[in-house]
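Biologist: I'd like to learn how to read a protein model. Could you walk me through one, feature by feature?

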Amino acid sequence: MDVFDDLLRGVHGQGAVFGRSALRPPWSLRFRSGRRRTDGAFLTLCIPMRGSAWIVPHEGEARRVSEGEAAVVQGPEPFTLTDDPNADRSAVRRDVYCLGDGEAGPGAEDGLDAQTVVLAAAYDVREQVPRRLLQALPAVLVVPDENEECAALRGYLETQLVCGRPGRQIVLDRLLDWLLVCTLRDWFDLPEAAPPRWYRALGDEVVGPALRAMHGDPAHAWTTASLAARGGTSRSTFAKRFTDVVGEGPVAYLTGWRMTLAADLLRRPEMTVAAVARRVGYADAFGFSAAFKRVQGVSPTAYRRSPVEEPEETVTPAG
């Protein structure tokens, strides 16, 4: 099991393209999540297809992203995309809401002679599984144009944007999913990235096999001894190595991973608490409930009754 795949499996774009804007200076767009409040990760993928732009976050320094590069902005705080990071922010022409479908985007023009063409896509991530990876991201990250695979994908994306064939939006969504994964994978390989300790541990010859085993079959009755066998070491050597590399013991890590999976399963109305317990390796609901409350802070029943935030009814400009 590829743990990176496992964590991003639920991150999908659905009508994710909300802007392909041809822009002439001066221009400035403010992106907002369109949600009243949020407790999840909200990602915006920004790709200059032509020219460059400045990302001005809600807090922190502006970052430039140029043609061929890709940027990911983590919300839900609003941010501004502009040609001039020192421009008056009150001069923003119009807000861009990142949920739903809508009409032509602010500042969008059809002219092919525009200096800047920007493609943007939003991801509203409510599941807990991908947050284990996304919470390690900075507010703004920029990945340089060094990956030929990603470059080829951007070219194909631009072709699909003007394609009028049936299924166009689904194709775009899947291409953007691919580009988002490509961008994040390249980011975590950069020296300045600060991936979670377990991500680095995947390459460890002792710890890596155990991590992949736990993610591949979380319901299995894993013990420290059986996990140690995966890495070809003794129980004591494995336990110390795992704790040193990951930052917590194997049992604690496995419990945390199971409770993360359980949190998402509990949001599915067809899953009973007992069924969720079995899916994550617990023989009875009582033991599972005690573990869930210890890790998540609330009982499974209280968690599934807690409201799931809904997006505001907003209009998404798309150019």
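Modeller: Sure! Let's begin with a word we'll need: contact means heavy atoms within 4.5 Å. Keep in mind that this is a predicted model.

Biologist: Okay, let's use that word. Which residues of α9 and α11 meet?

Modeller: On the α9 side they are Thr-255, Met-259, Thr-260, Ala-262 and Ala-263, and they meet Phe-288, Ala-291, Phe-292, Arg-294, Val-295 and Gln-296 in α11. Sorted by class, this contact has seven nonpolar, three polar and one charged residues.

Biologist: And at what angle do the axes of α9 and α11 cross?

Modeller: Here's the idea first: angles of 65 to 115 degrees count as roughly perpendicular. The axes of α9 (residues 250-265) and α11 (residues 285-296) cross at roughly 95 degrees and come within 10 Å, so these two helices are roughly perpendicular to each other.

Biologist: What about α6 and α8, at what angle do they pack?

Modeller: About 85 degrees, with the axes of α6 (residues 207-216) and α8 (residues 235-246) 10 Å apart. That makes α6 and α8 roughly perpendicular to each other as well. From α6, the contact uses Val-207, Ala-210, Leu-211 and Met-214, while α8 brings Phe-238, Arg-241, Phe-242, Val-245 and Val-246. Eight of the contact residues are nonpolar, none is polar and one is charged.

Biologist: Why would nonpolar side chains be found together?

Modeller: In soluble globular proteins, nonpolar side chains tend to be buried together. In this model, the largest nonpolar core holds 64 residues, and Leu-211 and Phe-288 touch the most other members. Another core, of 15 residues, lies apart from it and includes Phe-31, Cys-46, Val-65 and Leu-81. Over the whole chain of 319 residues, 49% are buried.

Biologist: Now the strands. Which strands does β4 pair with, and in what sense?

Modeller: In a regular strand the side chains alternate between the two faces of the sheet. Here, β4 (residues 52-56) pairs with β5 (residues 63-66) in the antiparallel sense over four bridges. β4 also pairs with β7 (residues 79-82), again antiparallel, over three bridges.

Biologist: Who stands opposite whom in those pairs?

Modeller: Trp-54 has Arg-64 in β5 as its bridge partner, and Ile-55 stands opposite Leu-81 in β7.

Biologist: What sits between β4 and β5?

Modeller: Their hairpin has six residues between the strands, and Gly-60 there takes a positive phi near 105 degrees.

Biologist: Last one: how many helices and strands does the chain have?

Modeller: The chain has 12 helices and 10 strands.

Definitions and conventions: Residues are numbered from 1 along each chain as its sequence is written. This is a predicted model: local features need pLDDT of at least 70, side-chain atom pairs count only at pLDDT 80 or more; totals for chains, interfaces and linings use all residues. Side-chain values use heavy atoms; hydrogens and water are left out. Two strands pair if DSSP finds at least two bridges between them. Axes are lines fitted to C-alpha atoms, for helices over the stretch in contact, and angles run from 0 to 180 degrees between N-to-C directions. Angles under 35 degrees count as roughly parallel, over 145 as roughly antiparallel, 65 to 115 as roughly perpendicular and the rest as oblique. Ala, Val, Leu, Ile, Met, Phe, Trp, Tyr, Cys and Pro count as nonpolar, Asp, Glu, Lys and Arg as charged, and the others, Gly among them, as polar. A nonpolar core is a set of buried Ala, Val, Leu, Ile, Met, Phe, Trp, Tyr and Cys residues joined through side-chain atoms within 4.5 Å. Buried means under 20% relative accessible area, exposed over 50%, partly exposed in between (1.4 Å probe, protein chains only).
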